[in-house]
Amino acid sequence: MLCTRLTNARFLTMDPRRPVAHDLGIWRGRIVGVDEAVTSLPAGRVVDLGGATVLPGFIDSHVHLAWAGLKAGTPSVAPCERIEDILAVVDAAARRPAPAGAWVEVAGYDQRALGRHLTAAELDRVSHGRKVFLMHDSGHACVVNTAVLELLPDGTPHEDGFLAESAMTAARRLRLPYSQEELADAIEKAARACLDEGVTACAEAGIGGGLLGHSPVELGAYQLLRDRGRLPLRVQLMASGDTLRPRAAHPDDGFPRALDLGLRTGFGDDWLSLGALKIYTDGGMMARTAALTSPYEGTAGDTGRFQGEPERIAALIVDGHLAGWQLAVHAIGDRAADLALDALERAQRLRPRPDARHRVEHAGLIRPDQLPRFAALGVSAVVQPNFLRCFGDDYATVMGEGRADWLYRGRGFLDHGVELVGSSDRPVTDGSPLRAIQFMVERLSLSGRSIGPDEAVTVDEALRAYTVAGARACRWEDAAGALAAGKRADLVVLGDDPHRVDPSRIGDIQVLATYVDGRDARAGT
């Protein structure tokens, strides 16, 4: 007997053997089959979906759950476009009662609306003797007051309190770590927001170190949620690259660095597992630190920056490959992509692994000559379409007319046989897969500006990026990404079919229910 039969719906299965179905059977969290295979079987519960459209649950292949949850509970300056308004928010936050030594943390900082960065001296006027940390919305920079600057290691580079990349990491380390209980609450809050948008599984892009790690024992916060039955969706964890350490393994093992106990990609279960090793090469476009081969428009030769010495970054990529990891290499600018592709090519020469499934995270600006290299190496591109939907006007302007069409490509990757994978990078911007899918089809920013129109993809191709391709990028293809017998019963119920509405309405389609393990995870049934 089936546990549940879902009926009276348009199931878009993403399975080419049976693209559309009307009934779907579930037993113990797995799909038994569709239509005639299940229609006549008895079921403990029959759910009439009233003609809704059903898709495999969306997979968000690059998120920051802890950061998103913490940010949601942090005072924000996101609406502010004047220095005085930002300082007023900081002043109010600094006046709140807090334990001795507690930091004033403020989210939502973005210099672009201001025309310049805040300074430490300005923050000093409203800090009330406390340490102040304003996180840049990109996650690649911050502004701090003098009380923080005085604690930084000698020689830490900054510009009047503005710190980027490794300098920001040095400032964050003064405040860390967060407790596992605090992180668990934040992760659960963010995960439930994902469910509201139809996301049933995600890949957490870097824990335990790097730019955005929150604790050296960060994995424990996820395990805490799992043990308590409070992890509402499936999570794959990327270990930050700097968690790899030299290990005295047997020479036959062939790797110089590893995670403790030799843990690597694939360890875990259906709910919580280790995924790729996250390695940063450069910064981000919002903070103007993505590494480019030609300068940002309107600057005096600024080409961004790497996260460290290129040789050190390349060595980490090679060592991660040798240790058996799938790699998720953050590379936003085209100069950073060159570094990533060169290192991955060298790693594959040293130890060929045809099914390594290495990924380039973001792939924000990719030149035409780099596309065949992605294909030749079998590297997937994990993009964030909502970046251009929300920030595309700015990105296209700073790239200039000659490069704007290369931003967060779609068609270019697909035409070269490169796996195109959708993600959000939440909380940097909007996390909705449906709004991202709309952008992939339309290539229009919020203002209506067309950005790289030749990079538009079909609705089917965009849906694939958040289902089938996401599952493959996370090595879940045997269990997720399609509605077929034996797969997890993870699915999203929509109020309309993305194929049947005008593309401009895809992002507004209502998410009626999100099923994880055969249950409506939002309703608890």
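User: Hi! How many aromatic pairs does the count come to?
Analyst: Six aromatic pairs. Rings of Phe, Tyr and Trp (its six-membered ring) pair if their centres lie within 6.5 Å; planes under 30 degrees apart count as stacked, over 60 as edge-to-face and the rest as tilted. This is a predicted model, where local features need pLDDT of at least 70, side-chain atom pairs count only at pLDDT 80 or more, and totals for chains, interfaces and linings use all residues. Residues are numbered from 1 along each chain as its sequence is written, and side-chain values use heavy atoms, with hydrogens and water left out.

User: Cool. What sort of pair do Phe387 and Phe391 form?
Analyst: Phe387 and Phe391 form a tilted pair, 6.2 Å centre to centre with 50 degrees between the planes. They are four residues apart in helix α11 (residues 385-399), so about one helical turn separates them. Helices (H or I, at least four residues) and strands (E, at least two) are DSSP runs, numbered from the N terminus.

User: Are those two buried or exposed?
Analyst: Both Phe387 and Phe391 are buried. Buried means under 20% relative accessible area, exposed over 50%, and partly exposed in between (1.4 Å probe, protein chains only).

User: And which parts does the Tyr395 and Tyr408 pair tie together?
Analyst: Tyr395 lies in helix α11 and Tyr408 in the loop between α11 and α12 (411-415), so the pair ties together parts that are 13 residues apart in sequence. These rings are stacked, at 6.5 Å centre to centre and 25 degrees between the planes. Tyr395 counts as buried at 2% relative accessibility, and Tyr408 is buried too, at 3%. Ring pairs link Phe387, Phe391, Tyr395 and Tyr408 into a cluster.

User: What sits over the ring of Phe391?
Analyst: The charged end of Arg112, 5.0 Å from the ring centre. For that, NZ of Lys or CZ of Arg must be within 6 Å of the ring centre and within 35 degrees of the ring normal. Arg335 lies over the face of Phe306, 4.7 Å from the ring centre.

User: Switching topic: how many residues of strand β21 are buried?
Analyst: Five of the six residues of β21 (residues 511-516), so the strand is largely enclosed by the rest of the structure. Strand β20 (residues 491-494) runs antiparallel to β21, joined by four bridges; strands pair if DSSP finds at least two bridges between them. In that pairing, Leu491 stands opposite Tyr515.

User: Where's the positive phi in the β21 and β22 hairpin?
Analyst: At Asp517, near 60 degrees; the hairpin has two residues between the strands.
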